[in-house]
Amino acid sequence: MFSMMLAFFLIACDETGGLAEDPYAGGKEPLGIKLLDESPAPDKGIPGTEVVFKAKGLLKYSNPAAGEYKFEFFINNEKAEILNATDTTLTVLIPANISSGASFLEMEGQIFFGPRFTVLGNVSIDENYGIKEGASGPVYDCLPHSNGGFYIVGGFRYIENSIENNEVYNSIAVLTNQGSVVKKSANYYTDGALGSLNSISRFSDGRLLVSGDIVRYDQTSGIGNIAIIKSDCSLVTENIELLRQNGETAVKTFSSFNGGAEDAGILKSFVTSNDDVIAIGNMKQYRRADYANSTYDYIQYDITEVNSVMKMTIDGNIDQTYHAGENASGSNGIVNDAYLDGSDGVIIAGDFTAFDGMATGNIIRLNADGEVDQQYLANIGTGANGAINVIRYNKALDKAMITGNFTEFNGFRCSGVLMLNGDGTVDDNFKLKQLSGGAVNFATILNSGKIVLSGTFEKYEGITRSGMLILESNGDVEQNFNVPGTFTGQLYNVFETSSTEGYYALLLVGNFNRFDDQTIRNIVKIRVMDVE
C-alpha cells in the first residue's frame, strides 16, 4: 500500500517538489442543476397537457422571455417543449405522440433523471383485477370458463402468492373474471400436468382437450402428451384389469383418451366440429396402449407412423384415412404453429420448404380429410422467404396474422409481420410501418380489426413504443391506444373479454415480466375504451 501511495506522489509532483498539473483536470464542472424525483403537477395527462416538474438551479441556464434554454427535456425518450423554467420548477408541454415513461433532462451530455409521467388514453391496466404478481411460468393458452373467467395453461406452478399457501397449479388453473384463482377443493381438484401444457380446447359435451409436453396428469402415467379432462380440470379416466406376475389380476387407472404422440410433444391440438381431435407438431409416431397384450407392470403400445399431423377419435383411436398414403410425408423441416379454421381445415406454419413432397414457403393448409389444399397452395405462391414462428387466427374475420424471420411473402415485401386472408392471399391493406430497435415476435387481430403486437422493438415510426403496440387494421398508430409504457417479453395470446367493471378489456398472456413499466409476470388484464 505504501509503495502505491509513493508512486502516486511522485507522479503528481514535479522535479522541484511542487505539485504538477492536476491529475483530475478535464472533468466536467458540476452544473448545479437537478430534476427532483417528486410527482409533477399533474402526474398524468393527455398530449397537450402543461405539466410542472420540480427542479433545481435551471434559471441560470434559461431565458424564458426569449424562449431559450440550454437544456432539453424528455419523457420516455420523446422531446417535450419547454414552456418555462425557474430555479424550482420546469413547465413542459406533453408531446402529441408519446407513451408513458420516465422523464429526464439533458444538458451538455449529462442526464438528470426525474419522475415517471403517465400518459392517459384508451388503454390502462385493470387495477381491480386480482392477478397482480402473475404466474411463475409462461402462459401459452386460455379458454373461456362458465364463471366469466378463463382456464389458463402453460409452464407455471404457482399463481400469485399460492407458493406461500403451498398451493401448486401444475400448468393449469382457473381464473374468475375478477382475477381470483379457483382454489383446490373437494369439488374442484386437480394435480395438473407433469410437464408443460401448450393448448386447450373444448368438446361439445363440455369436456376439455389439453396437450403439450406431458407424461402424467393427475398422477396418472402413460399420457402421450394429450388428454381429455373434465370441466373441473380432473382427468377423465378408465379402469383396466391387468394380469400381475403372480398370476392374479388387478385394476389400474389410465387416461380414457388412449392415444397420443410417442416421440415428441404436441404443439397444438384442436377439437373439430364433430368432436374429433387433430394434433399438430413434430412427431413421427402415434401410440396407443394395447391392454390385451399388457401386464400390470408393463404396457404394450402399438406404434403408427405419422408425419407432423394426426387425427384421432374422442377415445384416442387414430383415423387411418386422415393424412394417409405414401405421399403423406409431412414437413421436411420444423413445425412451429398451427390453427383450425371454420371448415375443419388446419393451417400449419414453421420452417419448412416442402410438405407432403410439395414445395411451399413455410405454410400449408390441409383440408378436413388431411389432404393438401391445392387452392390455398396456389394462393400463397412462394409463401414466406423465412421461418414463420407464430400464427394467430380470427375466426370471425377469417384472417390470420403471421410473424417470423421473413422479409417477403409471395413477392409482397414485409418485415416479419403479415396479414393473410383465410384463403392464403395477402391482405395488403395492412402494412407495418418503420420499426427500430428490435423485431416483432407476436401478432394477432381482434374482432374490431385492430392488431396487437409484441416484440423487442423500441420505436415505431420514430416514436418510442417499447415492446407492444395496438395498431389500426392498416398498420397506423392511434395515439390513444398506445399510451402504456415499456412491455418486456412475448405475448402468446390475447383474449377479448370484459373488465372487472364490465367494460371491454383484453386478457394478455405469454412469457413477459413487464407491462406499462410495472413488474407483471405472464398475465395481465387491460381495459380498452371505445372498442366495439
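The largest pocket in this predicted model has a volume of about 1000 Å³. Its lining is made up of 34 residues, and those nearest the centre of the pocket are Leu143, Leu340, Tyr393, Lys395 and Phe495. Seven strands are named as giving two or more residues to this lining: E12 (139–144), E15 (193–202), E22 (266–271), E27 (334–340), E32 (388–394), E38 (440–445) and E43 (488–498).

Enclosed space is a separate matter. The chain holds three cavities of 30 Å³ or more, and about 140 Å³ lies in the largest of them. This cavity is lined by 17 residues; Gly222, Phe257, Asn258, Gly259 and Tyr291 lie nearest its centre. Strands E20 (249–255) and E24 (285–289) each contribute at least two residues to the lining of the largest cavity. The largest share, three residues, comes from E24.

These spaces sit in a chain with two helices and 46 strands. The C-alpha trace spans about 105 × 60 × 55 Å along its principal axes. Of the 532 residues, 53% count as buried. Among contacts with a sequence separation of 6 or more, 50% are between residues 24 or more positions apart. The accessible surface comes to about 23600 Å², and carbon and sulfur atoms account for 48% of it. As for charge, there are 38 positive and 66 negative side chains, with the centres of the two sets 4 Å apart.

Several single residues can be followed in the region of strand E26, which covers residues 309–312. Ser308 is placed in the loop between strand E25 (301–305) and E26. Although Ser308 is not a glycine, its phi is positive, at about 80°. Is Ser308 buried or exposed? Its relative accessibility is 3%, so Ser308 counts as buried.

Lys311 lies within E26 itself. Why does Lys311 count as buried? The cut-off for buried is under 20% relative accessible area, and Lys311 has a relative accessibility of 12%, so it falls in that class. Apart from neighbours within four places in sequence, Lys311 is in contact with Asp276, Val277, Ile278, Asn317, Ile318, Asp319, Tyr322 and Ala368.

His323 is found in the loop between E26 and E27. Like the serine, His323 is a non-glycine residue with a positive phi, here about 45°. With a relative accessibility of 8%, His323 counts as buried. E27, which closes this loop, is also among the strands that give two or more residues to the lining of the largest pocket.

Two further loop positions lie elsewhere in the chain. Pro42 is in the loop between strand E1 (34–35) and strand E2 (44–45). The peptide bond that joins Ala41 and Pro42 is cis, with omega about -10°.

Asn161 is placed in the loop between strand E13 (150–154) and strand E14 (172–175). Its relative accessible area is 34%, and the class of partly exposed lies between the limits of 20% and 50%, so Asn161 is partly exposed. Asn161 and Glu133 are 28 residues apart along the chain, and their C-alpha atoms are separated by 7.6 Å.

Methods:
Residues numbered from 1 in each chain as written. Predicted model: local features only at pLDDT ≥ 70, side-chain atom pairs only at ≥ 80, totals over all residues. Heavy atoms only, no water. Helix = DSSP H or I, 4+ residues; strand = E, 2+ residues; numbered from the N terminus. Buried < 20%, exposed > 50% of the residue type's maximum accessible area, 1.4 Å probe, protein only. Contact = heavy atoms within 4.5 Å. Areas by Shrake-Rupley, 256 points an atom, 1.4 Å probe, with all protein chains shown as cover. Lys, Arg positive; Asp, Glu negative; His and termini not counted. Charge placed at Lys NZ, Arg CZ, Asp CG, Glu CD. 1 Å grid on protein atoms, 1.4 Å probe; cavity = no way out; pocket = protein on both sides within 12 Å on 5 of 7 lines; lining within 4 Å. Points joined across faces, edges and corners; volume = space filled by probe spheres on them.
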